[in-house]
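Student: I should like to learn how to read the features of a structure, one at a time. May we begin from a single pair of residues and work outward?

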Amino acid sequence: MADDNHQQQRPAAAASDAAAAAPQPGSASSSPHQPTVIICIGMAGSGKTTFMQRLNSHIHTVKAPGYVVNLDPAVAQLPFGANIDIRDTVNYKEVMKQYNLGPNGGILTALNLFTTKFDQVLNLIDKRAPTLDYILLDTPGQIEIFTWSASGTIITDTLAATYPTVVAYIVDTPRSTSPATFMSNMLYAVSILYKTKLPFVLVFNKTDVVDHAFAVEWMTDFEAFQAALEDDESYMGGLVGSMCLVLEEFYKGIRVAGVSAMTGHGVDDFFEKIAEARTEYETEYRPEIERLLQEKREKEEARRTESIAKLVHDMKLDKGAEVDLGSAYDDAVEPRDVEDEENR
């Protein structure tokens, strides 16, 4: 890891085993100051890594201490310095070669291996947390690898149980001018929202190329979106139109920010949305997380009590009938010396 000391590459382990390696969450909830964790998720080509570089540059400009974690093992170069870099722990290409995997399988396995040591990552973050304002996480461009994998869930849940955590979903605005592509992005966004169950900010990137006003209009005005579909009489057009009605409730509760990672336009508005999302986390998400953790502790305690009661019950069972060892010896055959018998 690039923060304090580099970890040696470890042998393979299943992602499900990473849960045991993760520390018990909630230990930092009583800290007087906690940084905001921003998990950046976006499709390949959405400008996510450049957006991360812009966020890192911004927090340095306003002198807000930050901590950067890179979780993309396949990235060739980072335009920003990472305090913790998965590439320092796991060699992505060696993983592909050793386990005979393709690119996506290699990324997933590398992330699984890294997650088995995520308790060490959290310890490093805990040491610096009182002096930080933000913790930025850059995730792989193959969003399904992080969002729907066991390792991604472990990382997200562990951080969310310890620090105020917000998910930022990065959208490629120029590629979303088509209603079908726009709807595809919205479906991805709603799936990530309900999978992570965390405060959510929808970021329309590359607004220096195409302004995101059309997207905001489509999200707030159903008729405007239907007008954009007028010329599309295919099955896809009808399906997209009907989905717009389904996502109406999702649009109402979502925070939207238009940002240009290239010029920096809209970054201030983005951090305002992050502040709102943190407040939502403190008032709505943290109580729910603490309730779930309490339920988990109560279930574990009940299971432990039941196991102890069962053990005590087993110890009180009858020990069986006594055996008369004397009669056993009477019926036993006397020991023989084989050599004496041969000499007879």
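Student: Which residue of strand 7 does Leu 202 stand opposite?

Tutor: Leu 202 stands opposite Val 256. To read such a pair one needs two conventions: helices (H or I, at least four residues) and strands (E, at least two) are DSSP runs, numbered from the N terminus, and two strands pair if DSSP finds at least two bridges between them. Here four bridges join strand 6 to strand 7, and the two run parallel. Please note that this is a predicted model, in which local features need pLDDT of at least 70 and side-chain atom pairs count only at pLDDT 80 or more, while totals for chains, interfaces and linings use all residues. Residues are numbered from 1 along each chain as its sequence is written, and side-chain values use heavy atoms, with hydrogens and water left out.

Student: How many bridges pair strand 6 with strand 5?

Tutor: Six bridges pair strand 5 (residues 165-172) with strand 6 (residues 200-205), again in the parallel sense. Within this pairing, Ile 170 has Val 203 of strand 6 as its bridge partner.

Student: What is the order of the strands in the open sheet?

Tutor: The seven strands of the open sheet follow the order 3-2-4-1-5-6-7, with parallel pairing. Strand 3 (84-85) and strand 7 (255-258) are the edge strands, each pairing on one side only.

Student: How should one read the two faces of a strand?

Tutor: In a regular strand the side chains alternate between the two faces of the sheet. Burial is then judged face by face, where buried means under 20% relative accessible area, exposed over 50%, and partly exposed in between (1.4 Å probe, protein chains only). In strand 7, Arg 255 and Ala 257 point one way, Val 256 and Gly 258 point the other way, and all are buried. Strand 2 (residues 66-70) has five of its five residues buried: Gly 66, Val 68 and Asn 70 lie on one side, and Tyr 67 and Val 69 on the other.

Student: With which strand does strand 2 pair over five bridges?

Tutor: Strand 2 pairs in this way with strand 4 (residues 134-138), in the parallel sense; there, Tyr 67 has Ile 135 as its bridge partner. Two bridges also join strand 2 to strand 3, and these strands run parallel. Asn 70 is partnered by Asp 85 of strand 3.

Student: How does one recognise a buried face on a helix?

Tutor: An α-helix has 3.6 residues a turn, so residues three or four places apart point the same way. In helix 9 (residues 213-220), the buried residues include Phe 214, Ala 215, Trp 218 and Met 219. Seen down the axis of helix 9, its buried residues fall within an arc of 135 degrees, so they line one face of the helix; the arc is that of the directions from the helix axis to the C-beta atoms.

Student: Against which elements do the buried residues of helix 9 pack?

Tutor: They pack against helix 8 (179-196), strand 6, helix 10 (222-228), helix 12 (248-252) and strand 7. Contact here means heavy atoms within 4.5 Å.

Student: How are aromatic pairs assigned, and how many are there by this rule?

Tutor: Rings of Phe, Tyr and Trp (its six-membered ring) pair if their centres lie within 6.5 Å; planes under 30 degrees apart count as stacked, over 60 as edge-to-face and the rest as tilted. By this rule the count is nine aromatic pairs. One of them joins Phe 182 and Trp 218 edge-to-face, at 5.2 Å centre to centre and 80 degrees between the planes. This pair links distant parts of the chain, since Phe 182 lies in helix 8 and Trp 218 in helix 9, 36 residues apart. Phe 214 and Trp 218 also form an edge-to-face pair, at 5.1 Å and 85 degrees; both lie in helix 9, four residues apart, about one turn of the helix. Elsewhere, Phe 51, Tyr 134, Phe 270 and Phe 271 form one aromatic cluster.

Student: Is Thr 177 buried, exposed or partly exposed?

Tutor: Thr 177 is partly exposed, with a relative accessible area of 39%, and lies in the loop between strand 5 and helix 8. Not counting residues up to four places away in sequence, Thr 177 touches Val 210, Phe 214 and Trp 218.
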